[in-house]
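Reader: Could you walk me through one part of this model in detail? I would love a close look at the metal site and its surroundings.

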Amino acid sequence: MQTYKIAIALIAIGTTALAHGGVKNKDVLARMEGMTALADQVKVIGRMMKGEAAFDAAAANAALQAISDEAESIPALFETEAQDPKSETLPLVWEEFDDFEQQALGLERSTAELSGSISAPADLRPAMKAVSAACSGCHEVYRE
Ligand code: HEC
């Protein structure tokens with residue numbers, strides 16, 4: 001393929017499709033995008049923690065609030081039992097939807113509480129630990 005044609009193809013596909021290559025089901029894509037949005041906020045805190053970004057208490061607290069807001073939409077994003085070959089969601093989600101919702105609620109509440117608690121660089125690590133625990137708690141049970 002000539003370079004200009006590749007460029008046009010990439011523009012047409014857009015960044016979303018590139019991040020979740022080949023996912024056609026719109027519900028699956030939406031929940032993956034929701035998860036990616038969570039990961040982007042976690043990275044904001046992670047970069048500060050590792051010293052890759054300057055400490056910014058307001059930005060860290062805002063990232064925690066953004067995670068909480070996004071977590072609130074997790075149950076709605078997973079409500080439809082949508083499947084896609086690229087999806088990593090286990091069917092157990094729909095067998096135990098109440099528990100799945102509780103996991104999302106746990107993330108929502110803990111990050112809402114943590115938002116506002118960051119005032120010094122030393123506050124980043126414990127917050128990150130709590131957030132990661134809430135993410136992996138759900139992934140361990142409901143993600144391939
Ligand atoms: C309530 C359960 C739950 C919580 C809480 C949760 N996740 Fe997920 N996550 C999932 C499931 C299920 C999938 C698989 C989605 C799919 O492939 O259909 C997933 C997938 C992902 C993906 C891959 C998305 C993709 O494009 O394939 C990332 C990244 C991710 N989660 C990050 C996070 C982060 C970061 C947190 C915490 C801030 C978090 N998740 C919290 C259930 C959860």
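Author: Happy to; here is the metal site, followed by the nonpolar packing. This is a predicted model, in which local features need pLDDT of at least 70, side-chain atom pairs count only at pLDDT 80 or more, and totals for chains, interfaces and linings use all residues. Residues are numbered from 1 along each chain as its sequence is written, and side-chain values use heavy atoms, with hydrogens and water left out.

Met35 (SD) and His139 (NE2) coordinate the iron atom of the ligand at 2.0 to 2.3 Å. Donors here are N, O and S atoms within 2.8 Å of the metal (3.2 Å for Na, K and Ca); water is not among the atoms, so sites may look incomplete. The site has 6 donor atoms with angles of 87 to 179° and is octahedral, a term for six donors with opposite ones over 155 degrees apart and all others between 65 and 115. Methionine 35 lies in helix H2 (residues 26-49) and histidine 139 in helix H7 (residues 124-142), so the pair ties together parts 104 residues apart in sequence. Helices are DSSP runs (H or I, at least four residues), numbered from the N terminus. Methionine 35 is partly exposed at 27% relative accessible area, and histidine 139 is also partly exposed, at 29%; buried means under 20%, exposed over 50%, and partly exposed in between (1.4 Å probe, protein chains only).

H7 also supplies 7 residues to the largest nonpolar core, the largest share. Such a core is a set of buried Ala, Val, Leu, Ile, Met, Phe, Trp, Tyr and Cys residues joined through side-chain atoms within 4.5 Å.

Notes: Tetrahedral: all angles 85-135°; square planar, octahedral: opposite > 155°, others 65-115°. Helix = DSSP H or I, 4+ residues; strand = E, 2+ residues; numbered from the N terminus.
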